Amino acid sequence: MWILGEHDEPYRKARNSILNLVGNTPLVKIRKVLPKDISPKVEIYAKLEGFNPGGSVKDRPALSMFLDAIKRGLITEGKVVIDATSGNTGIALAMVGAALGVPVELAMPANVSEERKRIIKAYGAKVYLTDPLEGTDGAILFVRGLVEKNPERYVYLDQYNNPANWKAHFYSTGIEIWHQTGGRVTHLVAGIGTGGTIMGTGRRLKVYNPDIQVIGVQPAYPFHGIEGLKHIESSIKPGIFDESFLDRTIFVETEDAYEMTKRLALEEAIFVGQSSGAALWAALQLAKELEEGLIVVIFPDGGSKYLSTAPFRD
Ligand code: PMP
(Lines give C-alpha, C1' and ligand atoms only; values in the text may rest on other atoms or scores of the structure.)
Protein backbone atom coordinates (compact mmCIF):
# COMPACT_ATOMS: atom_id res chain seq x y z
CA MET A 1 0.00 0.00 0.00
CA TRP A 2 2.51 2.57 -1.13
CA ILE A 3 0.47 5.65 -1.67
CA LEU A 4 3.03 8.41 -1.59
CA GLY A 5 6.24 9.10 -3.60
CA GLU A 6 8.00 5.92 -4.56
CA HIS A 7 11.66 6.81 -4.49
CA ASP A 8 12.48 8.45 -1.18
CA GLU A 9 14.62 6.69 1.39
CA PRO A 10 11.89 6.16 4.04
CA TYR A 11 9.78 4.39 1.47
CA ARG A 12 12.63 2.08 0.55
CA LYS A 13 13.23 1.42 4.23
CA ALA A 14 9.55 0.68 4.81
CA ARG A 15 9.29 -1.61 1.79
CA ASN A 16 12.29 -3.63 2.94
CA SER A 17 10.77 -4.30 6.34
CA ILE A 18 7.82 -5.81 8.16
CA LEU A 19 5.86 -2.77 6.98
CA ASN A 20 5.71 -4.26 3.51
CA LEU A 21 3.22 -6.76 4.94
CA VAL A 22 0.63 -4.11 5.82
CA GLY A 23 -2.60 -4.58 3.88
CA ASN A 24 -3.75 -7.33 1.51
CA THR A 25 -5.74 -8.97 4.29
CA PRO A 26 -7.98 -12.00 3.65
CA LEU A 27 -11.74 -11.99 3.06
CA VAL A 28 -13.70 -14.91 4.51
CA LYS A 29 -17.33 -15.92 4.07
CA ILE A 30 -19.59 -15.96 7.13
CA ARG A 31 -21.53 -19.21 7.01
CA LYS A 32 -22.91 -20.28 10.37
CA VAL A 33 -24.06 -17.37 12.52
CA LEU A 34 -26.63 -16.29 9.95
CA PRO A 35 -30.25 -16.03 11.19
CA LYS A 36 -32.66 -18.41 9.46
CA ASP A 37 -34.74 -15.65 7.88
CA ILE A 38 -31.91 -14.35 5.68
CA SER A 39 -32.43 -14.69 1.93
CA PRO A 40 -30.16 -17.34 0.36
CA LYS A 41 -29.15 -14.68 -2.16
CA VAL A 42 -27.52 -12.55 0.53
CA GLU A 43 -23.86 -13.26 1.21
CA ILE A 44 -21.72 -11.82 4.02
CA TYR A 45 -17.93 -11.67 3.88
CA ALA A 46 -15.59 -10.47 6.63
CA LYS A 47 -12.33 -8.64 5.95
CA LEU A 48 -9.89 -9.88 8.57
CA GLU A 49 -7.76 -6.87 9.48
CA GLY A 50 -6.20 -8.79 12.35
CA PHE A 51 -3.91 -10.32 9.73
CA ASN A 52 -1.94 -7.08 9.47
CA PRO A 53 1.55 -7.34 11.05
CA GLY A 54 0.61 -5.05 13.98
CA GLY A 55 -2.60 -7.03 14.40
CA SER A 56 -5.21 -4.47 13.36
CA VAL A 57 -6.77 -2.28 10.70
CA LYS A 58 -4.83 0.67 12.15
CA ASP A 59 -1.56 -0.48 10.57
CA ARG A 60 -2.81 1.06 7.34
CA PRO A 61 -3.42 4.63 8.58
CA ALA A 62 -0.43 4.52 10.95
CA LEU A 63 1.90 3.77 8.06
CA SER A 64 0.16 6.27 5.80
CA MET A 65 0.25 9.10 8.39
CA PHE A 66 3.90 8.39 9.22
CA LEU A 67 4.99 8.40 5.58
CA ASP A 68 2.95 11.51 4.87
CA ALA A 69 4.65 13.35 7.78
CA ILE A 70 8.07 12.20 6.56
CA LYS A 71 7.27 13.31 3.05
CA ARG A 72 6.24 16.75 4.30
CA GLY A 73 9.57 17.06 6.13
CA LEU A 74 8.03 17.07 9.61
CA ILE A 75 9.86 14.08 11.06
CA THR A 76 13.47 15.15 11.44
CA GLU A 77 16.28 14.12 13.82
CA GLY A 78 15.24 14.43 17.46
CA LYS A 79 11.50 14.67 16.78
CA VAL A 80 9.02 12.46 18.63
CA VAL A 81 5.81 11.24 16.98
CA ILE A 82 2.78 11.50 19.28
CA ASP A 83 -0.93 10.70 19.12
CA ALA A 84 -4.02 9.88 21.18
CA THR A 85 -5.45 6.40 20.69
CA SER A 86 -7.75 3.80 22.15
CA GLY A 87 -4.98 1.28 21.61
CA ASN A 88 -4.75 -0.13 18.10
CA THR A 89 -3.38 3.04 16.53
CA GLY A 90 -0.89 3.09 19.36
CA ILE A 91 0.29 -0.41 18.58
CA ALA A 92 0.47 0.40 14.88
CA LEU A 93 2.37 3.66 15.36
CA ALA A 94 4.75 1.99 17.83
CA MET A 95 5.45 -0.72 15.23
CA VAL A 96 6.01 1.76 12.40
CA GLY A 97 8.23 3.88 14.67
CA ALA A 98 10.33 0.83 15.60
CA ALA A 99 10.66 -0.16 11.93
CA LEU A 100 11.70 3.32 10.80
CA GLY A 101 13.76 4.21 13.89
CA VAL A 102 11.57 7.11 15.05
CA PRO A 103 10.59 7.52 18.76
CA VAL A 104 6.85 7.37 19.49
CA GLU A 105 4.75 8.50 22.49
CA LEU A 106 1.05 7.69 22.95
CA ALA A 107 -1.78 8.73 25.23
CA MET A 108 -4.72 6.42 25.89
CA PRO A 109 -7.49 5.93 28.47
CA ALA A 110 -6.18 3.92 31.43
CA ASN A 111 -8.88 1.28 31.00
CA VAL A 112 -7.72 0.01 27.59
CA SER A 113 -6.78 -3.63 27.82
CA GLU A 114 -3.50 -4.43 29.57
CA GLU A 115 -2.35 -6.36 26.51
CA ARG A 116 -2.46 -3.22 24.35
CA LYS A 117 -0.30 -1.24 26.76
CA ARG A 118 2.26 -4.05 26.93
CA ILE A 119 2.44 -4.58 23.18
CA ILE A 120 3.08 -0.86 22.70
CA LYS A 121 5.86 -0.97 25.28
CA ALA A 122 7.32 -4.06 23.59
CA TYR A 123 7.80 -1.97 20.44
CA GLY A 124 9.61 0.62 22.58
CA ALA A 125 7.03 3.43 22.60
CA LYS A 126 6.15 5.51 25.67
CA VAL A 127 2.61 5.33 27.08
CA TYR A 128 0.67 8.05 28.95
CA LEU A 129 -2.51 6.86 30.66
CA THR A 130 -5.43 9.29 30.90
CA ASP A 131 -8.69 9.33 32.90
CA PRO A 132 -10.81 6.35 31.76
CA LEU A 133 -14.02 8.29 32.46
CA GLU A 134 -13.05 10.78 29.76
CA GLY A 135 -12.51 8.07 27.11
CA THR A 136 -10.40 8.92 24.09
CA ASP A 137 -11.44 12.58 24.46
CA GLY A 138 -9.31 12.73 27.62
CA ALA A 139 -6.33 11.32 25.70
CA ILE A 140 -6.85 13.83 22.87
CA LEU A 141 -6.94 16.81 25.28
CA PHE A 142 -3.85 15.48 27.09
CA VAL A 143 -1.86 15.24 23.86
CA ARG A 144 -2.98 18.70 22.74
CA GLY A 145 -1.69 20.10 26.07
CA LEU A 146 1.66 18.31 25.75
CA VAL A 147 2.16 19.48 22.16
CA GLU A 148 1.23 23.08 23.05
CA LYS A 149 3.85 23.10 25.81
CA ASN A 150 6.55 21.61 23.63
CA PRO A 151 5.83 22.20 19.92
CA GLU A 152 9.50 21.80 18.92
CA ARG A 153 9.69 18.25 20.25
CA TYR A 154 6.52 16.71 18.88
CA VAL A 155 5.00 15.72 15.56
CA TYR A 156 1.29 15.28 16.39
CA LEU A 157 -0.22 12.93 13.82
CA ASP A 158 -3.79 13.61 15.01
CA GLN A 159 -5.50 10.55 13.52
CA TYR A 160 -8.93 12.12 14.12
CA ASN A 161 -8.23 15.02 11.76
CA ASN A 162 -5.49 13.70 9.46
CA PRO A 163 -6.61 13.01 5.85
CA ALA A 164 -3.76 10.49 5.51
CA ASN A 165 -5.85 8.30 7.85
CA TRP A 166 -8.86 7.83 5.53
CA LYS A 167 -6.67 7.98 2.43
CA ALA A 168 -4.85 4.84 3.60
CA HIS A 169 -8.15 3.01 3.13
CA PHE A 170 -8.97 4.81 -0.11
CA TYR A 171 -5.70 3.57 -1.57
CA SER A 172 -5.73 0.06 -0.10
CA THR A 173 -8.74 -1.42 1.76
CA GLY A 174 -11.35 -0.24 -0.76
CA ILE A 175 -9.36 -1.45 -3.76
CA GLU A 176 -8.73 -4.83 -2.12
CA ILE A 177 -12.44 -5.36 -1.35
CA TRP A 178 -13.46 -4.51 -4.90
CA HIS A 179 -11.03 -7.05 -6.36
CA GLN A 180 -11.60 -9.72 -3.71
CA THR A 181 -15.35 -9.69 -4.43
CA GLY A 182 -14.87 -9.48 -8.19
CA GLY A 183 -16.81 -6.19 -8.09
CA ARG A 184 -19.89 -7.91 -6.63
CA VAL A 185 -19.88 -6.02 -3.31
CA THR A 186 -23.17 -4.18 -2.70
CA HIS A 187 -22.82 -3.05 0.96
CA LEU A 188 -19.95 -2.05 3.24
CA VAL A 189 -20.42 -2.27 7.01
CA ALA A 190 -17.74 -0.84 9.33
CA GLY A 191 -17.47 0.47 12.87
CA ILE A 192 -16.56 4.09 13.53
CA GLY A 193 -13.70 5.20 15.75
CA THR A 194 -11.96 7.99 13.86
CA GLY A 195 -14.14 7.21 10.84
CA GLY A 196 -11.04 6.59 8.73
CA THR A 197 -11.97 3.05 7.70
CA ILE A 198 -15.53 3.84 6.62
CA MET A 199 -14.70 7.14 4.92
CA GLY A 200 -11.71 5.88 2.92
CA THR A 201 -13.04 2.43 2.04
CA GLY A 202 -16.52 3.79 1.34
CA ARG A 203 -15.28 6.58 -0.89
CA ARG A 204 -13.20 4.16 -2.96
CA LEU A 205 -16.05 1.69 -3.36
CA LYS A 206 -18.40 4.47 -4.48
CA VAL A 207 -15.84 5.47 -7.14
CA TYR A 208 -16.10 1.94 -8.52
CA ASN A 209 -19.88 1.80 -8.15
CA PRO A 210 -21.91 4.69 -6.68
CA ASP A 211 -24.76 2.30 -5.83
CA ILE A 212 -22.70 0.56 -3.14
CA GLN A 213 -24.27 1.32 0.25
CA VAL A 214 -22.00 2.43 3.09
CA ILE A 215 -23.24 1.64 6.60
CA GLY A 216 -21.52 2.89 9.76
CA VAL A 217 -21.70 1.16 13.13
CA GLN A 218 -21.74 3.01 16.45
CA PRO A 219 -22.26 1.98 20.07
CA ALA A 220 -25.87 2.60 21.13
CA TYR A 221 -24.82 4.63 24.21
CA PRO A 222 -22.01 7.03 25.20
CA PHE A 223 -20.72 4.58 27.85
CA HIS A 224 -20.12 1.23 26.25
CA GLY A 225 -17.74 -1.70 26.22
CA ILE A 226 -16.89 -1.92 22.54
CA GLU A 227 -13.20 -1.00 22.41
CA GLY A 228 -12.23 0.98 19.34
CA LEU A 229 -15.70 2.41 18.56
CA LYS A 230 -16.94 5.90 19.37
CA HIS A 231 -20.42 7.19 20.19
CA ILE A 232 -20.00 10.18 17.91
CA GLU A 233 -22.78 12.42 19.22
CA SER A 234 -21.34 12.49 22.72
CA SER A 235 -17.64 12.80 21.73
CA ILE A 236 -15.22 15.28 20.18
CA LYS A 237 -16.24 14.87 16.55
CA PRO A 238 -13.45 13.50 14.35
CA GLY A 239 -12.70 16.06 11.63
CA ILE A 240 -12.23 13.37 8.98
CA PHE A 241 -15.66 11.88 9.65
CA ASP A 242 -18.58 13.18 7.58
CA GLU A 243 -21.81 11.56 8.69
CA SER A 244 -23.66 12.83 5.60
CA PHE A 245 -21.47 10.56 3.46
CA LEU A 246 -22.98 7.47 5.08
CA ASP A 247 -26.10 5.87 3.69
CA ARG A 248 -27.04 4.69 7.16
CA THR A 249 -25.84 4.16 10.74
CA ILE A 250 -26.72 1.10 12.82
CA PHE A 251 -26.39 1.37 16.61
CA VAL A 252 -25.27 -1.69 18.56
CA GLU A 253 -25.58 -2.51 22.25
CA THR A 254 -22.51 -3.79 24.07
CA GLU A 255 -24.17 -7.08 25.06
CA ASP A 256 -25.15 -7.87 21.45
CA ALA A 257 -21.59 -7.11 20.30
CA TYR A 258 -20.16 -9.43 22.97
CA GLU A 259 -22.58 -12.23 22.16
CA MET A 260 -21.72 -12.04 18.47
CA THR A 261 -17.98 -11.92 19.23
CA LYS A 262 -18.29 -15.11 21.29
CA ARG A 263 -20.32 -16.85 18.61
CA LEU A 264 -17.79 -15.90 15.93
CA ALA A 265 -15.06 -17.83 17.77
CA LEU A 266 -17.29 -20.79 18.66
CA GLU A 267 -19.22 -21.23 15.43
CA GLU A 268 -17.08 -19.70 12.67
CA ALA A 269 -13.69 -20.24 14.37
CA ILE A 270 -12.96 -16.55 13.80
CA PHE A 271 -11.39 -15.14 16.98
CA VAL A 272 -11.77 -11.34 16.89
CA GLY A 273 -12.27 -8.25 19.07
CA GLN A 274 -15.61 -6.84 20.23
CA SER A 275 -15.87 -4.24 17.48
CA SER A 276 -15.92 -7.07 14.92
CA GLY A 277 -18.85 -8.63 16.78
CA ALA A 278 -20.58 -5.24 16.76
CA ALA A 279 -20.05 -4.82 13.01
CA LEU A 280 -21.34 -8.32 12.27
CA TRP A 281 -24.42 -7.80 14.47
CA ALA A 282 -25.20 -4.69 12.41
CA ALA A 283 -24.55 -6.55 9.14
CA LEU A 284 -27.03 -9.25 10.16
CA GLN A 285 -29.75 -6.66 10.86
CA LEU A 286 -29.12 -5.28 7.38
CA ALA A 287 -29.00 -8.74 5.80
CA LYS A 288 -32.50 -9.55 7.09
CA GLU A 289 -33.89 -6.61 5.09
CA LEU A 290 -32.29 -7.55 1.75
CA GLU A 291 -33.52 -9.77 -1.07
CA GLU A 292 -30.01 -10.18 -2.44
CA GLY A 293 -26.58 -8.65 -2.08
CA LEU A 294 -22.99 -9.09 -0.99
CA ILE A 295 -22.18 -7.42 2.32
CA VAL A 296 -18.55 -6.86 3.29
CA VAL A 297 -17.98 -6.34 7.03
CA ILE A 298 -14.71 -5.03 8.41
CA PHE A 299 -13.32 -7.05 11.33
CA PRO A 300 -10.77 -4.54 12.71
CA ASP A 301 -8.63 -6.87 14.82
CA GLY A 302 -8.08 -10.29 16.38
CA GLY A 303 -9.21 -11.40 19.84
CA SER A 304 -5.89 -12.01 21.63
CA LYS A 305 -5.57 -8.48 23.01
CA TYR A 306 -8.94 -8.79 24.72
CA LEU A 307 -8.43 -12.03 26.65
CA SER A 308 -8.38 -10.17 29.97
CA THR A 309 -11.59 -8.26 29.11
CA ALA A 310 -15.24 -9.13 28.54
CA PRO A 311 -16.46 -11.18 26.71
CA PHE A 312 -13.48 -13.54 27.03
CA ARG A 313 -12.60 -13.08 30.70
CA ASP A 314 -15.01 -15.60 32.14
N1 PMP B 1 -12.37 -1.33 15.93
C2 PMP B 1 -11.22 -1.28 16.62
C3 PMP B 1 -10.86 -2.44 17.51
C4 PMP B 1 -10.37 -0.15 16.51
O5 PMP B 1 -9.23 -0.11 17.22
C6 PMP B 1 -10.77 0.91 15.69
C7 PMP B 1 -9.91 2.14 15.60
N8 PMP B 1 -10.13 3.03 16.69
C9 PMP B 1 -11.98 0.83 14.99
C10 PMP B 1 -12.74 -0.31 15.13
C11 PMP B 1 -12.52 1.96 14.13
O12 PMP B 1 -11.69 2.30 13.06
P13 PMP B 1 -11.62 3.78 12.48
O14 PMP B 1 -10.76 4.58 13.45
O15 PMP B 1 -10.96 3.65 11.17
O16 PMP B 1 -12.99 4.36 12.40
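Is G196 buried or exposed, judged by its C-beta neighbours inside 10 Å? In this predicted model, G196 counts as buried because 32 C-beta neighbours lie inside 10 Å, where 20 or more suffice for that class. The residue is found in helix α8, which covers residues 196–208, and, when neighbours within four places in sequence are left aside, G196 is in contact with P61, Q159, N165, W166, H169 and I240.

Three of these contacts, N165, W166 and H169, are listed among the buried residues of helix α6. Helix α6, spanning residues 163–170, is mostly covered, with seven of its eight residues buried; these are A164, N165, W166, K167, A168, H169 and F170. The buried residues of α6 pack against α8, and also against α2 (59–71) and α7 (173–180).

The UniProt record, an unreviewed entry, places the feature "binding site" at G196 together with N88, G193, T194, G195, T197 and S275. In the model, the ligand is surrounded by 19 residues, of which N88, G193, T197, G228 and S275 come nearest. Four of these five, namely N88, G193, T197 and S275, also carry the annotation in the UniProt entry, whereas G228 is among the nearest residues without appearing in the annotated set. By residue type, the shell around the ligand divides into twelve polar, four nonpolar and three charged residues. Because domain 1 (9–56 + 172–299) and domain 2 (58–159) both give residues to this shell, the ligand lies between the two domains.

N88, one of the annotated positions, is placed in helix α3, which covers residues 88–100. N88 counts as buried because it has 30 C-beta neighbours inside 10 Å. Not counting residues up to four places away in sequence, N88 touches S56, K58, G228, P300 and D301, and G228 in this list is itself one of the residues that come nearest to the ligand.

A second position in helix α3 is A94, which is buried, with 27 other C-beta atoms within 10 Å. When its neighbours within four places in sequence are left aside, A94 is in contact with V104, I120, Y123, G124 and A125. A separation of 30 Å lies between the C-alpha atoms of A94 and M260, two residues that are 166 residues apart along the chain.

Key. Residues numbered from 1 in each chain as written. Predicted model: local features only at pLDDT ≥ 70, side-chain atom pairs only at ≥ 80, totals over all residues. UniProt positions renumbered as here; feature names shortened; annotations may be inferred. Helix = DSSP H or I, 4+ residues; strand = E, 2+ residues; numbered from the N terminus. Buried ≥ 20, exposed ≤ 12 C-beta atoms within 10 Å, placed from the backbone. Contact = placed C-beta atoms within 7 Å. Near = placed C-beta within 6 Å. Nonpolar A, V, L, I, M, F, W, Y, C, P; charged D, E, K, R; others polar. Domains from an automatic or database assignment.
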